[in-house]
Amino acid sequence: MRSITGIFFLLVMTCSAGAENLLGLPDILTQGGLYVGKVGPGTTVWFGDRRLKLTPDGHFVFGLKAHQGAMVKFRLVDKGGKSQLQRFMVRKQQYDVQRIDGLPQKMVTPPKKILARIAADASRVRRARTTDSPRQDFRETFIWPVRGRISGNFGNYRILNGTPKSPHGGMDIAAPKGTIIVAPLSGVVTMVSDLYYTGNTVIIDHGFGVSTVFAHMDRVLVKAGQRVRQGQKIGTVGMTGRATGPHLHFGLNWYQERLNPALLLGKQEKKQ
Ligand SMILES: [Zn+2]
């Protein structure tokens, strides 16, 4: 037993970047997580083959795929060109199967004449998520955009009216129609659009590729290009697009990668 414990300890030691974590990150990361780290002046950081963008004081941000492998590697290169490897273990997430029935069938298997519109919607969203601004709003602590029961988790395998569909790209928060939605972080609105699946949809840029998405809104209270402060009203809960009841679909992205916003939200404050 002693040797098994010893080997496990050694593994943990080498996987969690040894004794010294030079990136200011938690020792163990989680699939679908968004992380902000910091390095010393003049250091460059590579995440796989991708060089991470740094703020003037050395902050960086990145996201892990929903099905990221068990370990991620970073390479740090200091001012003198000295290179150092840092490894982090990635905690596996459990994604459940969610069956949703009672959707209008045209929202599950759309008629042919709608396909061009759906493709155009997707490219608008992709374009908004390509935004790569120098804003640093991603360093704020997230607040809940709306309070309510979580009616759908990130990463769920979804079966809609009996047909398997792509995994859920965000979290669903159920709330009565008309409930105010606030910006979870400050930022700039990069898209306001009425899309086939997600209804009235807003995307906000928070800098360095980090953006949030708000879907199925009843009313939208912001315009594209508008600056918003954290906590500012951006719209109200509705059920526009593909929805069986009023809820907010809340998404988080790092460029094109969809991430789990629930990992960044604290406990939901009690309703008054
Ligand atoms: Zn959703």
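Reader: In which sense do strand 6 (residues 71–77) and strand 7 pair?
Author: This is a predicted model. In it, seven bridges link strand 6 to strand 7. Within that pairing, Phe74 has Gln86 of strand 7 as its bridge partner. The sense of the strand 6 and strand 7 pairing is antiparallel.

Reader: Which residue in the turn of the hairpin has a positive phi?
Author: Strand 6 and strand 7 make up the hairpin, with five residues between them. One turn residue has a positive phi of about 90°. That residue is Gly81.

Reader: Strand 7 also joins strand 1; how many bridges are there?
Author: Strand 1 covers residues 28–30, and strand 7 covers residues 83–91. The two run parallel. Leu29 stands opposite Val90 of strand 7. The number of bridges joining strand 1 to strand 7 is three.

Reader: How far apart are the C-alpha centres of domain 1 and domain 2?
Author: The protein divides into domain 1, residues 2–91, and domain 2, residues 97–264. The distance runs between the C-alpha centres of these two domains. It is 29 Å.

Reader: Which strand gives the most to the side of domain 1 that touches domain 2?
Author: The contact takes 13 residues from domain 1 and 16 residues from domain 2. On the domain 1 side, the elements giving two or more residues are strand 2 (34–38) and strand 5 (59–63). With four residues, the one that gives the most is strand 5.

Reader: How many residues on that side of domain 1 are charged?
Author: The residues on the side of domain 1 that touches domain 2 fall into three classes. Five are nonpolar and six are polar. The charged residues number two.

Reader: Where does the largest nonpolar core lie relative to domain 1 and domain 2?
Author: This core has 45 residues; Val61, Val202, Phe214 and Leu248 touch the most other members. Its largest share, six residues, comes from strand 16 (residues 210–220). Domain 1 and domain 2 both give residues to the core, so its place is between them.

Reader: Which residues does Leu248 touch, leaving out those up to four places away in sequence?
Author: Leu248 is among the core members that touch the most others. Leaving out residues up to four places away in sequence, the list for Leu248 is Pro145, Val146, Ile173, Ala175, Ile181, Phe214, His216 and Val237.

Reader: Over which residues is the pLDDT below 50?
Author: The mean pLDDT of the protein is 92, and 92% of its residues reach 70 or more. One stretch falls below 50. Beyond near neighbours in sequence, this stretch has 11 contacts in the model. It covers residues 5–19.

Terms used:
Residues are numbered from 1 along each chain as its sequence is written. This is a predicted model: local features need pLDDT of at least 70, side-chain atom pairs count only at pLDDT 80 or more; totals for chains, interfaces and linings use all residues. pLDDT is the predictor's confidence in each residue, from 0 to 100. Two residues are in contact if their C-beta atoms, placed from the backbone, lie within 7 Å. A nonpolar core is a set of buried Ala, Val, Leu, Ile, Met, Phe, Trp, Tyr and Cys residues joined through C-beta atoms within 7 Å. A residue is buried if 20 or more other C-beta atoms lie within 10 Å of its own, exposed if 12 or fewer, and partly exposed in between; C-beta atoms are placed from the backbone. Domain bounds come from an automatic or database domain assignment. Ala, Val, Leu, Ile, Met, Phe, Trp, Tyr, Cys and Pro count as nonpolar, Asp, Glu, Lys and Arg as charged, and the others, Gly among them, as polar. Two strands pair if DSSP finds at least two bridges between them.
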